[in-house]
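Here's a walk through the fold, strand by strand and ring by ring. Have the viewer open as you read.

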Amino acid sequence: MRLLSYTVVGKSTAVLSTEEEIKRAIGRLGFTVFLFEKNGFRCFFAKEPNTILLLDGEAFNACAGLIEKNKAKKPPFKELLPNFTGFAPALSTDCGLACTYCFCHGGEKRKTTSPDWKQVKTCLDFLYKPDQKVGLVITAPGEQTKSFELLKKTVACMKEKNMLGTLEFSTNGMIDGKTIDWISANIPEPQVSCDGPPEIQDAQRPLSGGGGSSRIVEATIRKFAAKGRPFKTRLTLTEKVFGREKEIFAYFYDLSSRHIGLGPLMNFGRAHDSWRESPEKETLAIGRFADLCAEFGVAFFTGSVNLLREEGTRHCPLGSLFCMGADGAINACEMYASQEDLKHNPGLAELSIGRYDAASSRIEIDEKKISEFRGFRERVECKKCDFKLCWGDCPLASLHKNRSILKPDKAKCLRNQRNFRALAEQVIEREVIALKPFIRIGPGSMTYCTSLHEFPLETAQNNIPKESAFVSLEPENFSFVSELKKIKKMQKTGFRFYLFSPTISEKTTKKDLAAMAAFFMELEKENMLFNVTKPLPPGMADLPERLLKRIPKDCFECREMFSVQSSIVVFCNGAAGKKLEKYPDRHALFEDFLESAERKKPDCYIY
């Protein structure tokens with residue numbers, strides 16, 4: 001009997017093997033949904049706290065009744081306050097780009113509208129409540145920094161009133177150095193929209209007057225990186241992205257982006273004219289990006305990640321978000337910027353909740369409509385769904401498809417479920433079952449296998465090949481300075497990855513270890529993709545946290561604890577294990593490793 005319990009936020013795994021402790025663990029959990037079967041386990045996801053459960057057949061049979069009870073539990077919701085908790089102002093409808101998939105026909109002939117300060121200030125006064133924070137959401141259609149002075153005054157006023165809560169900000173990257181300076185100093189983690197290398201960026205996000213935007217946007221990202229403060233890059237999943245995930249990831253990594261996000265196409269506006277749904281490709285792309293981010297220590301975000309990590313059940317903040325159009329209209333959806341949006345997204349008209357009356361400087365609000373919106377999650381048809389985790393998803397999409405916020409678009413529901421399960425599977429494969437990554441050795445070949453990628457590796461002893469490589473190095477014999485120069489001279493094209501296997505012996509001095517640590521830090525500075533296969537001596541624990549994530553902590557995490565040769569597990573001491581497919585998870589494999597190590601001690605300093 002076996003249960004693997006993985007707490008998503010804490011990233012901790014517990015292995016339980018008695019019926020009593022397994023039932024106790026499952027009984028403490030809330031709403032539970034079945035995911036799939038894998039490696040002989042039935043896999044579930046449970047809320048409160050967010051937990052992934054893997055039960056073998058015996059454990060499932062013993063706990064089937066408890067799991068059915070959990071499935072029937074009501075999903076937990078975040079507390080819904082009887083007031084607005086977010087302010088999403090459209091400070092400008094000007095954009096500068098004409099993205100091929102724009103949800104609002106941005107970049108075309110459109111009246112440029114901006115509110116005056118009196119309108120914004122009236123809205124802030126209306127939202128203000130003592131001792132209550134309001135989140136600021138700067139993501140409306142258009143480039144909001146086009147009204148830069150208004151943006152600065154809005155943030156300053158909210159801070160002065162002590163009402164500013166979270167601050168969400170996105171830019172298309174068409175901004176100057178002065179704007180970047182202010183954003184870096186005042187916005188915790190700004191987001192830059194960029195679809196990847198110039199070939200893709202220029203094709204999908206051209207300038208509104210013609211020509212490519214990649215040069216300007218890439219310079220913006222580099223300037224944000226030079227500030228040394230966190231920022232995010234986000235790309236939209238399209239046909240041009242599918243199959244090029246490694247190349248795009250390497251591009252962002254080389255720009256020092258360490259927080260990468262994905263967004264799906266929205267079937268509104270211009271995207272509707274060229275809409276091509278590719279569910280299998282989209283799901284695979286999400287998994288591939290998640291795998292690469294996990295392997296190289298890059299933070300990753302997408303809607304499926306939010307479902308997996310966030311406490312409570314994710315749902316649209318309909319009725320909680322006060323979206324001020326540049327024209328004075330108040331909407332419940334942040335996609336509204338002005339009346340022109342109604343031509344492309346007619347459903348937005350039904351989400352109108354009020355207006356700013358310039359003559360009286362007052363906000364007129366439809367309280368009855370807001371009350372209905374705030375209660376929509378209790379009435380939406382998701383109650384009939386076993387999944388429930390996205391709970392209605394996007395009301396605007398529901399209006400487009402079914403003309404009702406209570407009837408979710410089933411295609412979108414299936415997309416959410418499919419992508420969530422794909423991401424959960426990637427987490428299960430890497431963090432819970434954890435048989436990957438591993439090194440597969442064949443006749444004259446070596447391949448590094450992660451959850452969804454295989455990297456053919458050249459092999460080298462104490463020097464750096466030009467391609468992706470497995471580099472065995474003895475610190476006392478490795479020319480760190482000259483090899484670093486060689487790396488810097490190499491042209492960074494495509495995807496190049498190094499796997500370093502240090503051999504520490506009695507000959508290795510503290511000076512050698514310090515040189516190796518400096519080498520790794522310089523590789524990080526140069527944005528080289530690399531990882532270390534073995535645990536390092538405790539004396540190197542003063543490395544930065546971002547580098548420590550690349551280095552196994554112990555034998556259990558060691559990337560060379562075993563290799564796979566002709567489907568057989570071969571431990572680092574040369575002893576043969578079972579076929580890889582016979583091991584349900586890394587814990588079972590590690591038990592065999594320890595038994596073999598008692599018979600033949602591994603030739604490794606750390607063991």
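## Sheets, cores and rings

Let's start in β22, where serine 501 is the bridge partner of serine 472. Before going on, a word on the ground rules: this is a predicted model, in which local features need pLDDT of at least 70 and side-chain atom pairs count only at pLDDT 80 or more, while totals for chains, interfaces and linings use all residues. Residues are numbered from 1 along each chain as its sequence is written, and side-chain values use heavy atoms, with hydrogens and water left out.

Back to the strands. Helices (H or I, at least four residues) and strands (E, at least two) are DSSP runs, numbered from the N terminus, and two strands pair if DSSP finds at least two bridges between them. Strand β21 (residues 469-473) runs parallel to β22, joined to it by five bridges. Both belong to an open sheet of four strands with parallel pairing, in the order β20-β21-β22-β23. At its edges are β20 (458-461) and β23 (529-532), each pairing on one side only. On average, neighbouring strands of this sheet are turned by 20° against each other, direction ignored; the axes behind such angles are lines fitted to C-alpha atoms, for helices over the stretch in contact, and angles run from 0 to 180 degrees between N-to-C directions.

Now for the start of the chain. An open sheet of five strands with antiparallel pairing has the order β2-β1-β5-β4-β3. Because β2 (12-16) and β3 (32-38) each have a single partner strand, one side of each is left without a neighbour in the sheet. Five bridges pair strand β1 (residues 3-7) with β2 in the antiparallel sense, and tyrosine 6 stands opposite threonine 13 in β2. Two helices lie across this part of the model. Helix α1 (residues 19-27) crosses β1, β2 and β5 (51-55), at about 140° to β2. Helix α15 lies across β1, β2, β3, β4 (41-46) and β5, running at about 65° to β3.

Further along, β17 has two partners to look at:

| Strand | Partner | Sense | Bridges | Facing residues |
|---|---|---|---|---|
| β17 (residues 438-442) | β18 (residues 445-449) | antiparallel | five bridges | isoleucine 439 and tyrosine 448 |
| β17 | β24 (residues 562-565) | parallel | two bridges | arginine 440 and valine 564 |

The hairpin of β17 and β18 has two residues between the strands, and glycine 444 takes a positive phi near 70° there.

What about the inside? In soluble globular proteins, nonpolar side chains tend to be buried together. A nonpolar core here is a set of buried Ala, Val, Leu, Ile, Met, Phe, Trp, Tyr and Cys residues joined through side-chain atoms within 4.5 Å; buried means under 20% relative accessible area, exposed over 50%, and partly exposed in between (1.4 Å probe, protein chains only). The largest core has 142 residues, and Phe87, Phe249 and Phe322 have the most contacts inside it. Its largest share, seven residues, comes from helix α15 (residues 410-433). Another core, of 25 residues, lies apart from it, and includes Ile487, Phe500, Ile504 and Met516.

On to the rings. Those of Phe, Tyr and Trp (its six-membered ring) pair if their centres lie within 6.5 Å; planes under 30 degrees apart count as stacked, over 60 as edge-to-face and the rest as tilted. By that rule there are 29 aromatic pairs. In one of them, tyrosine 251 and phenylalanine 252 meet edge-to-face, 5.7 Å centre to centre with 65° between the planes, and both residues are buried. Phenylalanine 500 and phenylalanine 519 have ring centres 5.6 Å apart and planes at 85°, so this pair is edge-to-face. That pair links distant parts of the chain, with phenylalanine 500 in strand β22 (residues 497-502) and phenylalanine 519 in helix α17 (residues 510-525), 19 residues apart. Both rings' residues are buried, and they belong to one aromatic cluster with Phe478, Phe480, Tyr498, Phe520 and Phe530.

Finally, two loop residues. Proline 141, in the loop between β7 (134-138) and α4 (148-160), counts as buried at 4% relative accessibility. Threonine 238, in the loop between β10 (232-236) and α8 (245-254), is buried too, with a relative accessible area of 7%.

Key
Contact means heavy atoms within 4.5 Å.
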